[in-house]
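Me: I should like to learn how to read the pockets of a protein model and the surroundings of a bound ligand. May we work through one example together?

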Amino acid sequence: MTSSIAENELQSHFEATISADLRVEPRDWMPEGYRKTLIRQIAQHAHSEIIGMQPEGAWLTRAPSLRRKAILTAKVQDEAGHGLYLYSAAETLGADRGDLTDKLLDGRQKYSSIFNYPTLTFADVGVIGWLVDGAAICNQVPLCRSSFGPYARAMIRVCKEESFHQRQGYELLMTMMRGTDAQREMVQESVDRWWWPALMMFGPPDDRSPNSEQSMKWRIKRHTNDELRQRFVDMSIPQAEALGVTFPDPDLRWNAERGAYDFGEPDWSEFMQVIAGNGASSVERIANRRAAHENGAWVREAATAFARRASTKENAR
Ligand code: 3HC
C-alpha cells in the first residue's frame, strides 16, 4: 500500500503523463478506475474481434470463387489475430484471459452490436468489409493515440490490416455492381440492412454515453461517439455514390453551413435491445463461442501440461 503522500505524487505524475500526451505503460502506477476502464474497453474490443469472425465465417464454404474464398479466409484469420493482440493488451493490466472469456459467455461483458445481425447473402461479406470495417477504421485510427501503450501499439497493427479488409469489401461490391441487375439489387438490399447498425457501432449519442467523458479525460478515447459517427457518414457518402448505391436515410443531406452531412437518428431502442443480448443472432453467436471454447479445452489443457513439464525439467537441471 502506498502512503497518501506518495499516492498524491503518483497521481500527479500520472496526470502529467496524460496531459503531455505520453504513454502509460503496464508497469507504471495508474488509478484503479483507469485500469478498470481499459480492461472493460479492451476486453470488449477483443470479444468483438473473435465474435466478429462468425458472420463472415459462415460464408467461407459458400464463397463464389477460389479467389473470394482465399481473400475471406485471410480476413477472418486477421480478426482472430486482432482478438489475440487485444487479449494480450488486457493481460498486461492484470486481466486473466479465461476470466474475460467467462465474462463474455455469461453476459457480464459485451461485444460489438454489429455482430448480432445475420449475414443473409454474399453481398453482406462486401458490405461488412466496406461499412463495418470502414466504421472500425474510423473508430480505431484515433485509438492508435490512446494513452495506454499496449492498446495504442496493438491498434497500429490492427489498422493496417483493417485497410485491407475495407478495400477487399469495396472491391467485391464494385465487382457485383458491374454485374447483373440481380447482383446490383443484392448489394442495395444488403446496404439497406447494414447502414443503421453500422452507425450504432460508434455507441450511443454523447449525451447518453456514461463512459465517454472520463475516457476522453484519460485520453483512452480521443474523440466522442458522435464525432466519429459523423466522420464515418461524411466518408461513406462519396464512396456510396461511386459504387452506385444509396443509404436508407431520407434525412441524409449535405449541410453547407456545418460542412458535413445531416443524417437521421438511429433506432436507439433497437441498439439497447441488441446490446442486452436480444439481437437477431445474439443467441447463436454466444452458443457458437461457448462451443468453440469447450471444444478447445483439450488444447489449453495440453499446452498447460506441456509448459508445466517443460518448466519442471528446466528447474530439475
Ligand atoms: N456494441 C456493444 N456495446 C456498446 C456499443 C456497441 N457498438 N457501443 C457502446 N456500447 C456499450 C459500452 O460498452 C457501454 O457498456 P459497458 O459500460 O457495459 O461497457 C455502454 O454501451 C455505454 O457506451 P459508452 O459510449 O459509454 O461506452 P464507451 O465509452 O466504452 O464507448 C465504444 C463505446 C465506442 C465501442 C468504445 O468502447 C470503443 O471505442 N471501443 C473500442 C473499439 C471497439 O470495441 N470496436 C468494436 C468493433 S471491433 C470491430 O469492428 C472488428 C472489425 O474487424 C470489424
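Me: How far does a polar side-chain atom of Glu-162 lie from an oxygen atom of the ligand?

Reply: Please note at the outset that this is a predicted model. To read such a feature, one looks for pairs of N or O atoms within 3.5 Å. Here the distance between a polar side-chain atom of Glu-162 and an oxygen atom of the ligand is 2.7 Å.

Me: Which N or O atom lies 2.9 Å from an oxygen atom of the ligand, and which residue offers a polar backbone atom at 3.3 Å?

Reply: The first belongs to the side chain of Arg-40, 2.9 Å from a ligand oxygen. In the second case, a polar backbone atom of Pro-210 is 3.3 Å from an oxygen atom of the ligand. As for the surface of the ligand, 1,000 Å² is exposed when the ligand is taken alone, and the protein buries 90% of that.

Me: Which residues come nearest to the ligand?

Reply: One counts the residues with a heavy atom within 4 Å of the ligand. There are 32 residues around the ligand, and Glu-79, Lys-110, Glu-162, Ser-209 and Lys-221 come nearest. By class, this shell holds 13 nonpolar, 12 polar and 7 charged residues.

Me: Which elements give two or more residues to that shell?

Reply: They are H2, H6, H7 and H11. H2 has the largest share of the shell, with 6 residues.

Me: In which pocket does the ligand sit?

Reply: A ligand is assigned to a pocket by the position of its atoms, and here the ligand sits in the largest pocket. That pocket holds about 1,100 Å³ of space. Its lining has 45 residues, and those nearest the centre are Ser-112, Asn-139, Met-201, Phe-202 and Gly-203. Two or more lining residues come from each of helix H2 (32-51), helix H4 (66-91), helix H6 (123-140), helix H7 (149-177), helix H10 (225-243) and helix H11 (268-278). H6 gives the most to this lining, 7 residues. The lining of the largest pocket divides into 18 nonpolar, 16 polar and 11 charged residues.

Me: How much space lies in the second largest pocket?

Reply: The same reading applies: first the volume, then the lining. The second largest pocket holds about 410 Å³ of space. It is lined by 15 residues, with Ile-50, Leu-84, Tyr-87, Arg-289 and His-293 closest to its centre.

Me: Which element supplies the largest share of that lining?

Reply: H12 does, with 4 residues. At least two residues each come from helix H3 (53-57), H4, helix H5 (97-105) and helix H12 (282-295). By class, the lining of the second largest pocket has 6 nonpolar, 6 polar and 3 charged residues.

Terms used. Residues numbered from 1 in each chain as written. Predicted model: local features only at pLDDT ≥ 70, side-chain atom pairs only at ≥ 80, totals over all residues. Heavy atoms only, no water. 1 Å grid on protein atoms, 1.4 Å probe; cavity = no way out; pocket = protein on both sides within 12 Å on 5 of 7 lines; lining within 4 Å. Points joined across faces, edges and corners; volume = space filled by probe spheres on them. Nonpolar A, V, L, I, M, F, W, Y, C, P; charged D, E, K, R; others polar. Polar contact = N/O pair within 3.5 Å; in protein donor to acceptor, adjacent residues only side chain to side chain. Areas by Shrake-Rupley, 256 points an atom, 1.4 Å probe, with all protein chains shown as cover. Sits in = over half its atoms within 2 Å of the grid points.
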